[in-house]
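Good morning, and thank you for joining this session. Please look at the sequence and the structure as they are displayed.

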Amino acid sequence: MLKVGITGNIGSGKTTGCKVFEVLGIPVFYADEAAKKVMIEDDVLIDAIKAAFGNEAYYEDGSLNRKHIGGIVFNDKQRLEELNALVHPAVFRAFDVWVEEQADAPYVLKEAAILFESGSYKKCDRSILVAAPLDIRIDRVMKRDGVTADEVKSREARQYPQEKKMELADDIIINDDSELVIPQMLKLHELYLSLANNK
């Protein structure tokens, strides 16, 4: 099974890109959604989070106490890395299980905001970066989320710079409101079908 990772910095349009691939019949694994799920379903991970962040990391009903964990990791890069180091392997496990369930698909996509930062691109056969100039991305997020330019820049600063991701990605989709995006995706779709057939 050919595994393709897809990412893009905030406002790049990667989620829209994923929807296009889904229309083409390609299953998409959303890593951020999976992370939320494993944090309340994966017993190994739950025990590890309680050990690292205290039993109050979870409410009595088993739901995650986001306020408690957020208060610890929000301004502490080391504790955030500690949390990510616990969560990422559980998401990798969930992805492996999910891939087994997609036996009929020619290839699969793994959508992850921190595909490169987490190292999960190394477990994919190819990686796509959806890229757009920073000013366009800031404008999109301001309109979408009703936030200020400074807030968007603050979120952007938590990810690798787009230029670094461009060096790491195998394939790049330019989504700058002037290049047509669909033809770029169809071209990649044909490439991945070809690679999948030869795998």
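I shall speak about one helix and the nonpolar core to which it contributes.

This is a predicted model, in which local features need pLDDT of at least 70, side-chain atom pairs count only at pLDDT 80 or more, and totals for chains, interfaces and linings use all residues. Residues are numbered from 1 along each chain as its sequence is written, and side-chain values use heavy atoms, with hydrogens and water left out.

Helix H5 covers residues 77-100; helices here are DSSP runs of H or I with at least four residues, strands are E runs of at least two, and both are numbered from the N terminus. From first to last C-alpha, H5 reaches 34 Å. At its start, a side-chain oxygen of aspartate 76 comes to within 3.2 Å of the backbone nitrogen of glutamine 78.

Which elements do the buried residues of H5 pack against? They pack against strands S1, S2 and S3 and helices H2, H3 and H4. Buried means under 20% relative accessible area, with a 1.4 Å probe and protein chains only. Among the buried residues of H5 are Leu83, Val91 and Trp98.

The largest nonpolar core (buried Ala, Val, Leu, Ile, Met, Phe, Trp, Tyr and Cys residues joined through side-chain atoms within 4.5 Å) has 30 residues. Its largest share, 7 residues, comes from H5. Domain 1 (1-27 + 107-198) and domain 2 (33-101) both give residues to this core, so the core lies between them; the domain bounds come from an automatic or database assignment.

Terms used: The expected span of a helix is 1.5 Å times one less than its number of residues. Buried means under 20% relative accessible area, exposed over 50%, partly exposed in between (1.4 Å probe, protein chains only). Contact means heavy atoms within 4.5 Å. A polar contact is a pair of N or O atoms within 3.5 Å; within protein, one must be able to donate a hydrogen and the other to accept it, and residues adjacent in sequence count only if both atoms are side-chain atoms.
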